[in-house]
Every structure is written in structure tokens, then in C-alpha cells.
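Biologist: Please take me through one part of this model closely, the largest nonpolar core and the helices packed around it. Give the cut-offs as you go.

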Amino acid sequence: MLQKIAALRAEIDALTAASAEDVEALRIKYLSKKGLIPSLMNDFRSVPAEEKRTVGQAINDLKTAATDRINALRDALAATDDPTDGLDLTRTATPLRVGTRHPLSLVREEIIAIFRRLGFTIAEGPEIEDDWHVFSSLNFADDHPARDMQDTFFIGRTPDVLLRTHTSSVQSRVMETTQPPIRIICPGRVYRNEAISARAHCFFHQVEALYVDKNVTFADLLQTLRYFAREMFGPETGIRLRPSYFPFTEPSAEMDISCDLCGGKGCAFCKGTGWVEILGCGMVDPNVLEACGIDSKVYSGFALGMGIERITNLKYRVNDLRLFSENDRRFLDEFAGTH
């Protein structure tokens, strides 16, 4: 019995711990009700009477030594704890205000979420583009006004390198490298050489959508537009399409939504018409499909595009485009808590 106690004493004297969890595990192992030291009392009953005094004293000494050793390990770990652990000591003592998400980011993510529910995936492309992907592959004529310096930022001495004027360039890149079915949305920043004012800017943001597959019809486009309008602006939102022209779609249309301020009755916001324009759309021109390597006799598709600033204006009544890029905290704080 005394040999067993001596072996435990040597074991306890050599105890080490690297964490508070280790110390607690040692306490449970040696001192808990089912621990090694209390279990010695079961063996103590069989000790001869003449040895009980000696063995009992040895057990008590062992328990005291174990308690002292475990407490010493706990105190040593506490002494090495740094109260500044996890703190950034370079941070200012002045409380920092929590930032907010930018209104364009809020609307962009909402648009993406709506189209994701329809099975669309995100596609992205470069902002510095070439003439083929921005214009030629999209059926722009050589003398189209959009190629003029008044609309496009060209880079260098050659007109072949430019800042993209629309995210349609992403669509042409995807069609060149992907066989239908194609169902993508293309969010991104675009650039146009325009004077900056409350209603125009030299850069802005777009989201375009493209769906190419067998037997895609204008009815598919119409249902997509209805779903988007109701999800974005409310279930009572009405839409109407007006004939228009875009080089890359035929037929083409502009889409209006019913004014939610006046319920379609006419007000200053909708200029008395009851309708507000939000996007352009149409069936992908067969020339565009063929230019991108897709057989227009087998496949058809639709495309649509909208300015994120335009949608944000409609949702939050922002009447000056410059506010989106000036980083005025008074403006941005209005969107605190918006998700």
C-alpha cells in the first residue's frame, strides 16, 4: 500500500499542464470522488490495524500534495495570461461607428437574388475591353454613334482598347466559350464619356441577363420581366413594353413599371404618365448568336439590362446620381440597418 502511495506521489510531483483545461483534468483524475486518491480508501480497509496510522497519514499527505500541486499549476497559468490577448492595441480609444452597406450594393444583391431564384448564375468580365466584345460581336455597325469619342473612353492610340460601355461584353464572352443552355446575369461597372450631373455620370452600374436555349420565346422574356418587377417593387406592380431599338436584340423593347407613388394615376415623379421606365430588353439578334459561335437556327434567346442606379432611385427616391459616389456620411447613414 505504501509503495502504491509513493508511486502516486512521484507521479503528482511531476505533473505539468499547458492550459486551464489540463489542470481541471488533473483535478478530476486525482481528487474527484472517483479519482485515484479517494479510491485508496477502498484499499485502506484491508490494511492491518497496526499499519493503519502510518498508511492513513501517508494518504492524507498525498492528498495535500496533490491539491497543492494542482493549485500551483493553476496559479502559474493565471500569472502568464496576458489581459491584452485578443485586443488590438493600435486601435483608437475613441469608439468607432459601425459602417453601413452602400445603397447600390443593397440593390445589386437584391436583383441578383431575384434572378438566382429563376436559375441564373453570375458571370463577370474585364472592365478594360476590346472593340469586338463591346461592339462588333453585338451587331454594332461601324458607324454606330456609340463608338464615337463622345460616348466611349478609349485607351491609348488605338480604338480597339476601351472601357466597357455596358456589361453586354460579358454576355458575348460567355456565348463564345459556352454552349447553350446559357442563363446568366452580368453585374458590373460601366463607363461612358458623359458630363457629370444630377442625372448622369461618367461611370455607373448595370445588371444584364441573358438566356439562350432551344425554343426560347418572347413569352419567356415577358414572364421573367413580370416576375422581376413584382419581386423587386411589390406584387401589385404592373408592367408595359414599348417598342424600341438595340443593335443586339430584335425585336427590342423598353419596359415601364406602374408608378407606386400614384398607383398609376399620374404624378410629378412619373411625369403624369403613371409609368416609370426601368430597363431595356429583347430577343437576341441572330447575328449576335452567329458571331459568338451559336447556331441561330437551333437556339434563340432573350436579353435584358438595367442600371442599378436607376433601380435604386426608384426604391429609395435618390434624386442625384452624384450622391452614390461622393461618400457623404450623412447620405450613407440613411441606409443604416437596411438589409
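Modeller: What follows goes from the core to its helix contacts, and then to a buried helix and some backbone details.

This is a predicted model, in which local features need pLDDT of at least 70, side-chain atom pairs count only at pLDDT 80 or more, and totals for chains, interfaces and linings use all residues. Residues are numbered from 1 along each chain as its sequence is written, and side-chain values use heavy atoms, with hydrogens and water left out.

The largest nonpolar core has 43 residues. A nonpolar core here is a set of buried Ala, Val, Leu, Ile, Met, Phe, Trp, Tyr and Cys residues joined through side-chain atoms within 4.5 Å. Buried means under 20% relative accessible area, exposed over 50%, and partly exposed in between, with a 1.4 Å probe and protein chains only. Ile-111, Phe-115, Phe-228, Ile-257, Ile-278 and Leu-304 have the most contacts inside this core. Among the elements that give two or more residues to it are helix H5 (103–116), helix H8 (218–233), strand E9 (300–307) and helix H10 (308–316). Helices (H or I, at least four residues) and strands (E, at least two) are DSSP runs, numbered from the N terminus. H5 gives the most to this core, with seven residues.

Phe-228 touches Ile-111, Ile-114, Phe-115, Ile-278, Leu-279 and Met-306, leaving out residues up to four places away in sequence; contact means heavy atoms within 4.5 Å. A second, separate core of 23 residues includes Val-134, Phe-135, Phe-140 and Val-284.

Now the helix pairs. H5 and H8 pack at an angle of about 135°, with their axes 10 Å apart. Axes are lines fitted to C-alpha atoms, for helices over the stretch in contact, and angles run from 0 to 180 degrees between N-to-C directions. H5 and H8 are therefore oblique to each other, given that angles under 35 degrees count as roughly parallel, over 145 as roughly antiparallel, 65 to 115 as roughly perpendicular and the rest as oblique. On the H5 side the contact is made by Val-107, Glu-110, Ile-111, Ile-114 and Phe-115, and on the H8 side by Thr-224, Tyr-227, Phe-228, Glu-231 and Met-232.

The axes of H5 and H10 come within 9 Å and cross at roughly 100°, so these two helices are roughly perpendicular to each other. H5 residues in this contact include Pro-103, Leu-104 and Ile-111, and those of H10 include Ile-308, Ile-311 and Tyr-316.

Helix H7 (residues 168–177) is largely enclosed by the rest of the structure, because seven of its 10 residues are buried. The buried residues of H7 pack against strand E2 (128–130), helix H6 (131–134), strand E4 (182–191), E5, helix H9 (286–291) and E9. One of them is Gln-171, which counts as buried at 4% relative accessibility. Leaving aside neighbours within four places in sequence, Gln-171 is in contact with Ile-184, Cys-186, Glu-208, Ala-209, Leu-210 and Ala-303.

Last, the backbone. Most residues other than glycine have a negative phi, and most peptide bonds are trans. The bond from Pro-180 to Pro-181 is cis, with omega near 5°, and Pro-181 is found in the loop between H7 and E4. Another cis peptide bond joins Glu-250 and Pro-251, with omega about 0°; Pro-251 lies in strand E7. Arg-317, not a glycine, has a positive phi of about 60°. Arg-317 sits in the loop between H10 and H11 and is partly exposed, with a relative accessible area of 31%.
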